[in-house]
Amino acid sequence: LHAADRRRVHRLERLAVASQRITAGLNLEVTLREVVRELMDVLESDRGAIYLLDQKSGQLRCAYAAGLSDEYLETLLQRYRDAPGSQIFQTHEPFWVLDAQRDPQTASLHEAIRREGFHTYAVLPLIVGGEAIGALALYRDRVRPFSASNIALAQSFANQAAIAIENARLYERVSRQREELLRLNAALRAFADQLRQSRTEQAVANLLGESVQKALGWQRVTVSLYDAATGLLRPMAQVGVESPIADKTLSSIRENAARISRSFFVPARASSTMASSPDQERGSLEPGWTGPPTLWQPGDLLYVPIEAGDRLLGFLSVGRPAGGQQPSLGEVETLELFANQAAAAFESVRLLREVEQRAIATRREQEKTQAILASVADAISIADPEGTIQYVNTAFEKLTGYTTLEVVRQTHHLLAGDPTTVQKHQEALRTARSGQVWRGEVAYRRKDGTLYDADLTVAPVRDETGRIINLVFSQRDITRFKELDRMKTEFLATAAHELRAPLTIIQGFSELLVSRSDLSAEERERFIEFIHHHAVHLSAIVSDLLDVARIESGKGFEIVLRPMDLKPVVEETVAVFREQSAIHTYRIEGPEVWPAIVGDAAKLTQVLRNLLSNATKYSPEGGEVVVSARPVGGYLEVSVQDQGIGMTEEQMEHLFEKFYRGDASHTAAEGTGLGLVIVRHIVEAHGGAIWVESEPGKGSTFTFTIPLVERQTTILIVEDDAVMRQAVAELLEAEGYRVLQAPEGESGLRLAAEQHPDLILLDLMMPGISGQEVLKRLKRSRVTAHIPVIIVSAKSSRQVIEAAHKAGAIEFLVKPFDYSELIVRVQRALESL
């Protein structure tokens with residue numbers, strides 16, 4: 001008995017120490033573990049567990065277990081309301097069973113208990129404030145009863161443990177709430193920071209929906225705003241699946257819904273009914289409904305108003321899945337904080353939009369005015385009534401060379417080119433300040449010092465009271481028009497002079513022919529030749545004048561560009577001059593085949609005729625005239641060189657001016673001084689350029705360039721039969737190929753080396769070098785070995801064909817052949833490159 005007392009005292013002491021320790025602890029998990037382990041040890045139990053009741057749902061859960069399987073715990077929790085000992089939650093009294101595997105009270109759990117392997121167990125209620133918050137269970141694997149003193153001791157410890165557990169749960173709940181508050185506070189700060197970057201209602205709505213879902217875990221979030229035009233709610237942002245409720249639905253529901261703070265809860269039965277029939281009377285809500293249920297139902301919605309002052313901007317509506325807990329007042333208040341911040345942002349966006357719209361409207365008006373002024377070709381400047389410049393348009397800057405910053409706060413005297421203009425400015429200011437418009441011509445000086453004539457208009461601008469507040473200066477550069485007038489006068493004078501000389505001669509000799517009957521036949525013939533010669537010269541003058549007129553008007557002088565060979569044009573033009581001049585020799589230099597150019601044959605003939613005419617006229621002592629051509633870059637460069645009188649630097653500077661003639665008085669050469677003007681226009685219209693090199697007494701060289709045709713596929717035909725060669729050439733040219741022709745082997749080898757054709761059509765039977773020998777030489781040369789060769793021959797024996805292929809021919813076409821077959825063979829050979 002003494003030993004039993006000591007053991008009892010020892011248990012009491014241990015439980016007292018444990019009680020103090022767990023009461024002081026605030027960690028729920030540690031407290032639960034210590035309670036179970038301490039009682040198991042003190043009461044010599046093999047297993048133990050603590051079960052806690054959920055106050056809202058009434059469900060029992062295992063908070064901590066030692067030595068029990070998950071399978072047993074799951075079975076027990078599913079049947080706990082019918083299990084032995086469940087009455088402790090009502091009786092608040094401990095309950096124990098000696099042998100749970102045999103006791104009839106535990107019959108429903110025998111199978112699970114046998115699998116688990118324990119026999120004796122006791123269940124102790126955990127009581128706090130007269131309410132059972134759970135149960136503490138102890139299990140022994142052998143049949144061994146708990147004594148009444150042990151049960152009483154355990155229940156006493158359980159009562160203290162219940163308080164400790166409740167304290168730990170309370171601390172844990174407070175800690176969670178504190179952490180949640182800190183998290184929500186951080187989320188609100190982040191939301192506020194991000195709102196500062198949102199510049200549109202859509203951006204604010206999207207941010208609000210995403211932030212609410214992220215911060216509070218709502219699965220369905222909708223942000224709706226009232227449309228100012230229609231007065232109806234318009235969904236701006238949706239997170240999750242939700243059909244936004246209509247404006248009329250909300251107006252009906254708000255008066256009947258359960259209000260939580262400023263927000264209101266709408267049950268599924270109301271929202272679905274009203275959403276489907278927005279015109280129903282609000283009485284369709286069930287009478288007597290006073291507030292949200294404990295558990296969330298499908299379709300339940302919480303509406304949080306978004307308000308700015310007294311104005312309702314819209315709603316933030318949220319929902320949770322079925323079975324989720326209804327929002328607490330704290331959650332609702334947090335939602336309202338989000339809504340308030342968003343409302344301020346929506347207002348800021350609205351105000352910003354209004355400011356921007358006003359600014360845009362103002363800017364558009366300014367831009368409209370600026371655009372009008374900028375689009376005006378005239379140089380516009382605006383000054384105050386004293387004449388101080390306040391604004392200039394782009395045309396003013398381009399015309400004068402001064403920037404806006406350079407002329408603002410200056411007067412127009414800055415531009416005056418002479419004292420008379422300053423006087424005109426003073427007169428214009430007096431006239432405009434009197435309310436009249438002044439017009440006149442002035443001489444202005446640009447920033448770079450050059451002078452120009454301007455047609456100036458100065459007009460007053462009045463405000464709504466009629467007071468003159470600005471003067472508008474509008475000027476137009478008329479230098480070109482005055483120059484054109486001068487040039488027109490000069491042109492007419494020069495043209496009249498040029499026409500008068502041949503007309504005088506024609507008139508004089510014709511009068512002699514009419515009035516003189518004593519003229520001999522020789523004299524009459526000579527007079528008629530003079531008349532004819534000057535008539536031709538007069539025709540040339542008129543033709544040149546017409547060409548210049550067409551060029552300057554931009555009408556009637558058309559140039560049609562097409563691929564062409566310039567060499568025949570040069571040869572034909574030179575042939576004409578060879579027949580006309582006995583004291584000159586004419587020579588053509590250049591490659592045997594000139595590269596194709598893009599040009600107008602008739603206009604280029606006119607260029608060559610003019611240059612050759614000048615070379616002949618300004619070489620009065622005769623000599624050689626050389627026309628040479630060579631490809632340079634993407635151009636054909638053509639030069640006409642003479643051995644005539646040459647020119648000075650000063651003469652060359654004016655050479656391409658109208659009516660200028662290099663040294664006509666010295667050489668007595670006829671001409672209008674328009675030919676080179678026309679030549680330069682033709683060359684430049686082709687995309688080329690023209691220049692001259694000359695020295696006095698050493699002749700002149702005129703050089704011009706014409707663009708080459710972009711490279712075409714070139715085919716060389718080596719064939720002695722001229723008819724066959726020409727027929728094949730025309731066929732290939734019709735297909736877009738450039739064709740070179742050689743009548744025999746030697747010229748074919750030379751053209752292949754110079755022109756590097758893409759393909760060679762080669763006949764075998766030719767005079768001189770045979771086709772077989774030509775093929776061998778082509779393949780031996782590094783320059784031509786890569787060029788594919790098609791043999792075209794009447795020889796068709798197997799030995800000849802094999803020999804040709806062995807020598808390097810890529811195809812063998814037997815005469816006569818179908819032209820379509822030739823094209824197929826050519827295309828196949830070119831594709832093999």
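This is a short chat about the cavities in a predicted model.

Visitor: How many cavities of 30 Å³ or more turn up in the whole structure?
Guide: A search of this predicted model finds three of them.

Visitor: How much space lies in the largest cavity?
Guide: About 200 Å³.

Visitor: Which residues are closest to its centre?
Guide: L76, A83, P84, G85 and V123 are the closest, out of 19 residues that line the largest cavity.

Visitor: And which elements give two or more residues to that lining?
Guide: Two helices and two strands: helix 3 (70–78), helix 4 (88–91), strand 4 (120–128) and strand 5 (131–140).

Visitor: Which one gives the most?
Guide: Strand 5, with three residues in the lining of the largest cavity.

Visitor: What classes of residue are in that lining?
Guide: The lining of the largest cavity has 17 nonpolar residues and two polar ones, with no charged residues.

Visitor: Changing topic. How much space lies in the second largest cavity?
Guide: About 60 Å³ lies in the second largest cavity.

Visitor: What lines it?
Guide: Its lining is made up of I717, V718, E719, M724, V728, L761, L762, D763, V792 and F817. Strand 24 (714–718), helix 21 (722–734) and strand 26 (759–762) are the elements that each give two or more residues to this lining.

Visitor: How does that lining divide by class?
Guide: Eight residues lining the second largest cavity are nonpolar and two are charged, while no polar residues appear.

Visitor: Back to basics, what does rolling a probe over the atoms show?
Guide: A probe the size of a water molecule, rolled over the atoms, shows where empty space is left.

Conventions. Residues are numbered from 1 along each chain as its sequence is written. This is a predicted model: local features need pLDDT of at least 70, side-chain atom pairs count only at pLDDT 80 or more; totals for chains, interfaces and linings use all residues. Side-chain values use heavy atoms; hydrogens and water are left out. On a 1 Å grid over the protein atoms alone, a cavity is a set of points where a 1.4 Å probe fits but cannot get out, and a pocket is an open set with protein on both sides within 12 Å along at least five of seven lines; lining residues have an atom within 4 Å of a point. Grid points are joined across faces, edges and corners, and a volume is the space filled by probe spheres set on the points. Helices (H or I, at least four residues) and strands (E, at least two) are DSSP runs, numbered from the N terminus. Ala, Val, Leu, Ile, Met, Phe, Trp, Tyr, Cys and Pro count as nonpolar, Asp, Glu, Lys and Arg as charged, and the others, Gly among them, as polar.
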